[in-house]
Structure formats: structure tokens, C-alpha cells
Amino acid sequence: DQYRVEDQADVDLRALQVALAQKEEELRSRSQVIQRSLPRPAEINIVLRPPNTEPPLTELQKAEELIKQEMITMLHYDALHNPLETKRQANVLSQAHHMAYLEQKPYQTFTPQELTKAEELLKKEMDTVKQGMGHGDLSIESFTQVWEECLGQVLFLANQNRYTRANLASKKDRLESLEKRLEQNRSHMTKEAKRAAKMERKIKIITGGYQTRAQGVIKQLQDMHDQIEQARMELSTFKFLKEQEEAAIPRRIESLTEDVSRQMERERQLQKKYGELQRISEESNMSKA
């Protein structure tokens with residue numbers, strides 16, 4: 001309908017959907033760190049080999065340096081467009097530093113088709129390396145071991161605020177690095193302890209009624225359990241007495257039967273003797289008469 005005026009809410013909704021679609025499209029072209037919200041370093045540590053060295057770099061070393069340069073460029077680009085939460089003054093200086101670096105070495109964007117093709121090539125190369133070196137699925141234990149070995153090869157220099165290779169650091173630098181790590185661990189432990197105590201207080205407030213009710217129910221269950229145990233003990237005792245009585249009944253019946261038989265035999269003997277004595281008494285009385 002040409003005379004129909006579109007509602008402003010529909011216009012705003014369509015504009016929002018277009019903006020979200022553009023944002024999602026842009027996000028798909030960004031690094032996996034941004035897409036997956038992975039942690040990033042607050043400061044970019046640039047450690048590159050000089051291009052002109054003696055002996056000259058091998059082809060593998062040149063490839064490593066190209067990967068490092070591309071990684072550093074991506075770090076600057078991500079830090080410029082998705083800055084970390086830092087102090088305002090430091091953030092302004094950092095933004096200027098990132099812009100100056102990207103002016104010298106611009107960030108190159110790629111189409112989704114190019115990224116898909118690169119991902120396929122990378123996966124193919126990974127499969128080739130796995131087959132060539134006989135690697136299977138890496139377990140978490142093996143991954144942890146490799147990670148710890150690689151982590152042990154780098155060292156953070158607190159006085160220079162950067163990382164370096166452990167074999168290039170002096171004994172003093174290693175000692176300072178270990179002291180700094182110990183201090184960080186203590187600070188982290190204190191922070192986590194305060195956080196845990198705060199959460200514990202909060203949980204106690206939220207679940208206080210449930211805990212009181214649970215304690216009452218637990219006491220009732222304990223009392224009922226004690227009563228059941230007492231009843232079970234009494235039942236076991238009476239069962240034992242019943243078995244004893246059932247085992248003694250035949251002997252008692254036999255004993256009583258024998259007693260009755262003896263008593264009947266004795267009464268019979270006494271009746272017989274009484275009859276004889278009565279007969280003798282009658283005969284004596286008749287002879288006297």
C-alpha cells in the first residue's frame with residue numbers, strides 16, 4: 001500500500017537486525033581469540049630474530065618469523081578495536097602505539113572464502129604432520145606435559161616487564177622472576193580466599209533456612225536410625241531366644257514324658273501294693289472273727 005506509513009518501531013528493528021548481521025559478519029572475519037573471548041596479553045611482547053644474521057636464517061626459521069609478524073599484527077589490531085579494560089591514560093597511549101604500528105604494517109583482511117580455504121589447507125597440513133610423525137589423538141596428560149615443558153622454556157623478567165627464553169636469562173633474573181611469581185601466587189591466593197569467604201557468607205545468607213531445616217531433619221534421621229538399630233538388636237535377641245527355646249522344647253517334652261511315665265508306673269505299683277495290703281488286712285480280720 002503506497003499510502004501506508006511504516007511504523008518507527010519496525011524501522012528501528014530492521015536497522016538493528018542489519019547492524020547485528022553486519023557485526024556477526026565482521027566477527028567471523030576476526031581472530032579466534034576475539035570470536036571465542038579468549039584471554040589476551042595486556043602488553044604485546046615482540047621477540048623477533050633480526051633478518052640479517054650469521055649464519056642466515058633457514059627456511060623454517062623464516063616461516064616462523066613470518067608467523068610471528070602476522071601474530072603481532074593481529075594482536076595490535078585486536079587491541080586497537082577490542083581494547084582491554086585498563087586505566088584511561090594508559091589506554092590512550094596504548095591506542096596510539098597500536099595505530100602507529102598498524103600504519104607501518106597494515107592489517108590485511110580476507111574474504112570468508114579465503115579464510116575457509118586457508119582453514120582447509122591448515123587442517124590438511126596438520127593431518128599430514130600427524131600421519132608423518134605418527135601422532136594420534138593427544139590426551140590431556142600429554143598436552144599438560146607438553147604445555148609445562150614449553151612454559152618452562154620462557155621466563156618473565158619483572159624489572160623489564162617482558163618474557164624471554166629461560167636459557168638466556170641470568171641467575172639474578174631467574175631469582176627475581178621466581179620471587180615475582182611467588183608474590184603473584186600469594187596475591188592470587190589471598191584474592192581467591194577473600195572471594196571464597198564472600199561467596200560463603202552470601203551462600204550462608206541465602207541457604208541459612210535450608211541449613212537449619214537440614215540440621216533438624218538430620219537429627220530426626222539420626223534418632224530414627226538409633227531407634228531402628230535398637231529395634232534390630234532387640235529383634236535379633238528375641239530371635240536367638242526363640243531358636244534356643246525351639247531347640248529345648250523337644251528335650252523338655254521328652255523329659256516330661258519320661259517323668260509322667262515314671263509317675264504312672266509308680267502309681268500303678270502303689271495301687272497294686274495297696275490292693276495286696278488291703279487283701280491281707282481283710283484276711284486278718286476274717287481270721288480273728
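What follows is a short exchange about a predicted model of one protein chain.

Biologist: How many helices and strands are in the protein chain?

Modeller: Read along the sequence, the pattern is α-α-α-α-α-α-β-β-α-α. The two β entries are the strands. The count is eight helices and two strands.

Biologist: Is the protein chain more spread out or less spread out than a compact globule?

Modeller: For 289 residues, the globule rule gives 19 Å. The radius of gyration is 49 Å, well over that value, so the chain is not like a compact globule. The C-alpha trace spans about 170 × 80 × 45 Å along its principal axes. The verdict from the radius of gyration: more spread out.

Biologist: What share of the 289 residues is buried?

Modeller: Buried means under 20% relative accessible area. The accessible surface of the chain comes to about 25900 Å², and 57% of it belongs to carbon and sulfur atoms. Buried residues make up 9%.

Biologist: Is D78 buried or exposed?

Modeller: D78 lies in helix α3, residues 59-81. Its relative accessible area is 4%. The cut-off for buried is under 20%, so D78 is buried.

Biologist: Which residue has a side chain joined to that of D78 by a polar contact?

Modeller: Leave aside residues up to four places away in sequence; D78 then touches R30, S31, I34, R40 and P83. A polar contact of 2.9 Å joins the D78 side chain to that of one of these. The partner is S31.

Biologist: Where is S37, and is it buried or exposed?

Modeller: S37 sits in the loop between α2 (32-35) and α3. Its relative accessible area is 63%. Exposed means over 50%, so S37 is exposed.

Biologist: What is the phi of S37?

Modeller: Most residues other than glycine have a negative phi. S37 is not a glycine, yet its phi is positive. The value is about 55°.

Biologist: In which sense do β1 and β2 pair?

Modeller: Strand β1 covers residues 154-157, and strand β2 covers residues 162-165. Four bridges link them. The sense is antiparallel.

Biologist: Which residue in β2 is the bridge partner of F156?

Modeller: F156 falls within the 154-157 range of β1. Its partner lies across the pairing, in β2. That partner is Y163.

Biologist: Which residue in the hairpin of β1 and β2 takes a positive phi near 55°?

Modeller: The hairpin has four residues between the strands. Strand β2 begins at residue 162. The residue with the positive phi is N161.

Methods:
Residues numbered from 1 in each chain as written. Predicted model: local features only at pLDDT ≥ 70, side-chain atom pairs only at ≥ 80, totals over all residues. Heavy atoms only, no water. Buried < 20%, exposed > 50% of the residue type's maximum accessible area, 1.4 Å probe, protein only. Polar contact = N/O pair within 3.5 Å; in protein donor to acceptor, adjacent residues only side chain to side chain. Contact = heavy atoms within 4.5 Å. Pairing = 2+ DSSP bridges. Rg over C-alpha atoms; globule rule 2.2 N^0.38 Å. Areas by Shrake-Rupley, 256 points an atom, 1.4 Å probe, with all protein chains shown as cover.
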